[in-house]
Amino acid sequence: MEELRVTGTKRNAAARSDIDPEYDDILTMLEKSDTAEVYDREHLGELKKQMEAFAAKHHVDIINVNGRRVLQEVVAEVKPHRVLELGTAIGFSSMLIAENASSDVEITTMELIEKRVLTANYFISHSPFKGRIKVIPGSAGDSLNNLSAEEKFDFVYIDAAKAQYPDYFRKVYSHLTENAVVVADNVLFRGLTEQESGVPRRMRTIAKRLREYIDMVSNNPEFSTEIRHDGDGLAISKRILK
Ligand SMILES: C[S@@+](CC[C@H](N)C(=O)[O-])C[C@H]1O[C@@H](n2cnc3c(N)ncnc32)[C@H](O)[C@@H]1O
């Protein structure tokens, strides 16, 4: 991965042209960070538009419009206080969750790619949720291993490496509150998860693991699971209070 120097960002135009355009835009944003507007709740829509434009320009995959509706609906219903998200990208879904959760919400979100972490932190620091959303850099699987046993979450949103969903669920399990809700995005994977045959070879492992994830949560008597076909498919698993 290319090295990005966040300090000493006065780079000349020639140096800039050598770098990835996404890094280039991040550097420009960071250089202007101190004077850039900080958005309150009322104007959050403007910041989200900037995020969508950034994601579209740099081909960053963020939750699609249909998936968003479901996520917002579930978060608004649950009103979580402690959220864990796997797969931050540039922080768009973190923002949606924060917007619809309890006003005291604290979100821990994990992201593998360094430049995404920088971008997410930039947008978070210019949002009303500064101090409420913490981005943990690195592989979510490793970061989950490092969570302290006392850390509990009443809402988990899984949206990182699809082939790791079963592993994520196993690792997250001991960190769930007794009434936790776990939402996993992309579980239908463009219809490939439910397809009996003809899944392209390079996607077979992902389709198989997503099937495994759906079976794992659907057959777990501690949870009531609904598979929504909106967007790329979301599995909503609500822990049933004993
Ligand atoms: C679909 S995007 C997340 C979109 C984001 N949740 C949103 O809707 O705004 C998936 C993200 O997971 C990240 N990712 C992939 N593998 C990962 C891993 N092993 N650990 C942490 N993040 C990972 C990718 O870099 C990517 O940014």
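**Exercise 1. An arginine in a loop**

Is R190 buried or exposed?

*Solution.* Keep in mind that this is a predicted model. Start with the location: R190 is found in the loop between β5 and α9. Next, take the neighbour count, which is 11 other C-beta atoms within 10 Å. A residue with 12 or fewer such atoms is classed as exposed, so R190 is exposed. Finish with the backbone: R190 is not a glycine, yet has a positive phi of about 55°.

**Exercise 2. An alanine to set beside it**

Find where A89 lies, and decide whether A89 is buried or exposed.

*Solution.* A89 sits in the loop between β1 and α5. Inside 10 Å there are 23 C-beta neighbours. The threshold for a buried residue is 20 or more, so A89 counts as buried. Its phi is also positive, at about 55°, although A89 is not a glycine.

**Exercise 3. Reading the sheet**

Work out the strand order of the sheet and name its edge strands.

*Solution.* Go across the sheet strand by strand: the order is β3-β2-β1-β4-β5-β7-β6, which makes an open sheet of 7 strands with mixed pairing. The edge strands, each pairing on one side only, are β3 (133-137) and β6 (223-228). From one strand to the next, the twist averages 15°. Now look at what covers one end of the order: helix α6 (residues 114-125) lies across β2 (106-111) and β3, and runs at about 170° to β3.

**Exercise 4. Through the middle of β4**

Trace the bridges on both sides of strand β4, and explain why β4 is described as largely enclosed.

*Solution.* On one side, β4 (residues 153-158) runs parallel to β1 (residues 82-86), joined by 4 bridges. Here L84 has V156 as its bridge partner. On the other side, 5 bridges join β4 to β5 (residues 176-185), again in parallel. V156 appears here too, with V182 of β5 as its bridge partner. Then check burial: 6 of the 6 residues of β4 are buried, so the strand is largely enclosed by the rest of the structure.

**Exercise 5. The hairpin loop and its glycine**

Describe how β6 pairs with β7, then place G231.

*Solution.* β6 and β7 (residues 234-239) pair in the antiparallel sense over 6 bridges, and R228 stands opposite L234. G231 belongs to the loop between these two strands. With 18 other C-beta atoms within 10 Å, G231 is partly exposed. Leaving aside residues up to four places away in sequence, G231 touches N64, N66, G67 and V70. For a longer-range reference point, take V135: G231 is 96 residues from V135 in sequence and 25 Å away in space, C-alpha to C-alpha.

**Exercise 6. Two helix pairs**

Characterise the packing of α3 with α5 and of α8 with α9.

*Solution.* Begin with α3 (residues 44-57) and α5 (residues 92-100): they pack at an angle of about 160°, and their axes are 10 Å apart. That angle makes α3 roughly antiparallel to α5. The crossing is left-handed. The contact brings together L44, K48, M51 and A55 of α3 with F92, M95 and E99 of α5; these residues divide into 5 nonpolar, no polar and 2 charged.

Turn to α8 (residues 165-173) and α9 (residues 204-218), which pack at about 35° with axes 8 Å apart. Y165, P166 and F169 of α8 meet R209, L210, E212, Y213, M216 and V217 of α9. This contact divides into 7 nonpolar, no polar and 2 charged residues.

Technical notes: Residues numbered from 1 in each chain as written. Predicted model: local features only at pLDDT ≥ 70, side-chain atom pairs only at ≥ 80, totals over all residues. Pairing = 2+ DSSP bridges. Axes fitted to C-alpha atoms, helices over the stretch in contact; angles between N-to-C directions. Contact = placed C-beta atoms within 7 Å. Parallel < 35°, antiparallel > 145°, perpendicular 65-115°, else oblique. Left-handed = near helix turned anticlockwise from the far one by under 90°. Nonpolar A, V, L, I, M, F, W, Y, C, P; charged D, E, K, R; others polar.
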